[in-house]
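Colleague: I'm new to this structure and would like to learn how to read it. Could you take me through it feature by feature?

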Amino acid sequence: MSDIKIKITDRDGVLHEVDAPTDMNMNLMEVVRSYELAPEGTIGICGGMAMCASCQCYVKSDHDLPEKSDDEEAMLAEAFFVEDNSRLGCQLHITPELEGLEVELAPEEG
């Protein structure tokens with residue numbers, strides 16, 4: 001089993017350093033849910049299909065991330081609180097290259 005360390009700042013501003021498995025085909029949204037870093041029903045509402053922006057996060061580290069898909073671009077175009085470094089957590093798959101990734105969860109849309 002190969003885990004990587006990821007730093008996630010939750011919506012209350014609390015920093016969590018978590019272990020994320022690279023061998024389970026998980027994405028960042030699923031990691032946030034598995035560690036319960038956001039209240040139930042407030043993240044990953046669409047189940048990871050890039051059809052809502054509840055898992056939006058801000059990438060704080062300088063990682064070379066995969067390009068945004070058209071679906072991700074379209075969702076972010078309609079989302080609230082979007083920044084230049086916004087990504088949908090469901091579209092960031094956990095790979096060894098993401099070791100040390102730092103993200104902050106975007107505020108809940110309200």
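Colleague: How far is the sulfur of C46 from the closest cysteine sulfur, and which residue holds that one?

Modeller: A disulfide is a pair of cysteine sulfur atoms within 2.5 Å. The sulfur of C46 has its closest cysteine sulfur in C52, 3.8 Å away, so the two are too far apart for a bond. Before we go on: this is a predicted model, where local features need pLDDT of at least 70 and side-chain atom pairs count only at pLDDT 80 or more, while totals for chains, interfaces and linings use all residues. Residues are numbered from 1 along each chain as its sequence is written, and side-chain values use heavy atoms, with hydrogens and water left out.

Colleague: What about C90, and how many disulfides are there in the whole structure?

Modeller: For C90 the closest cysteine sulfur is in C55, at 3.9 Å, and that is too far for a bond. Searching the whole structure gives zero disulfides.

Colleague: Are C46 and C90 buried or exposed?

Modeller: Here's the scale: buried means under 20% relative accessible area, exposed means over 50%, and partly exposed is in between (1.4 Å probe, protein chains only). C46 comes out partly exposed at 24%, whereas C90 is buried at 2%.

Colleague: Now the strands. Where does T9 sit, and what is it in contact with?

Modeller: Helices (H or I, at least four residues) and strands (E, at least two) are DSSP runs, numbered from the N terminus. T9 belongs to strand β1, residues 3-9, and is buried, with 18% relative accessible area. Contact means heavy atoms within 4.5 Å. If we leave aside neighbours within four places in sequence, T9 is in contact with V14, L15, V103, E104 and L105.

Colleague: Let's go inside. What is the largest nonpolar core made of?

Modeller: A nonpolar core is a set of buried Ala, Val, Leu, Ile, Met, Phe, Trp, Tyr and Cys residues joined through side-chain atoms within 4.5 Å. The largest one here has 30 residues, and I6, I8 and L88 have the most contacts inside it. The elements giving two or more residues to this core are β1, β2 (15-21), α1, β3 (56-59), α2 (70-78) and β5. The largest share of this core comes from α1, with four residues.

Colleague: Which residues does L88 meet?

Modeller: Not counting neighbours within four places in sequence, L88 is in contact with A50, C52, A53, C55, Q56, E72, M75 and L76. One of those, L76, lies in helix α2 and is buried at 7%. L76 in turn touches Q56, K68, V82, S86, R87 and L88, apart from residues up to four places away in sequence.

Colleague: How many cavities are there, and what lines the largest cavity?

Modeller: Picture a 1 Å grid over the protein atoms alone: a cavity is a set of points where a 1.4 Å probe fits but cannot get out, and lining residues have an atom within 4 Å of a point. Grid points are joined across faces, edges and corners, and a volume is the space filled by probe spheres set on the points. That gives one cavity of 30 Å³ or more. The largest cavity has a volume of about 30 Å³, and its lining is L28, M29, V32, I43, C55, C57, G89, V103 and L105. Two elements, α1 (28-34) and β5 (102-105), give two or more residues to that lining, and α1 gives the most, with three.

Colleague: Last one: which residues have an unusual phi for a non-glycine?

Modeller: Most residues other than glycine have a negative phi. A50, which is not a glycine, has a positive phi of about 60°. A50 is in the loop between α1 and β3 and is buried at 6% relative accessibility. F81 also isn't a glycine, and its phi is positive, near 60°. F81 is found in the loop between α2 and β4 (86-88), and at 43% relative accessibility F81 is partly exposed.

Terms used:
1 Å grid on protein atoms, 1.4 Å probe; cavity = no way out; pocket = protein on both sides within 12 Å on 5 of 7 lines; lining within 4 Å.
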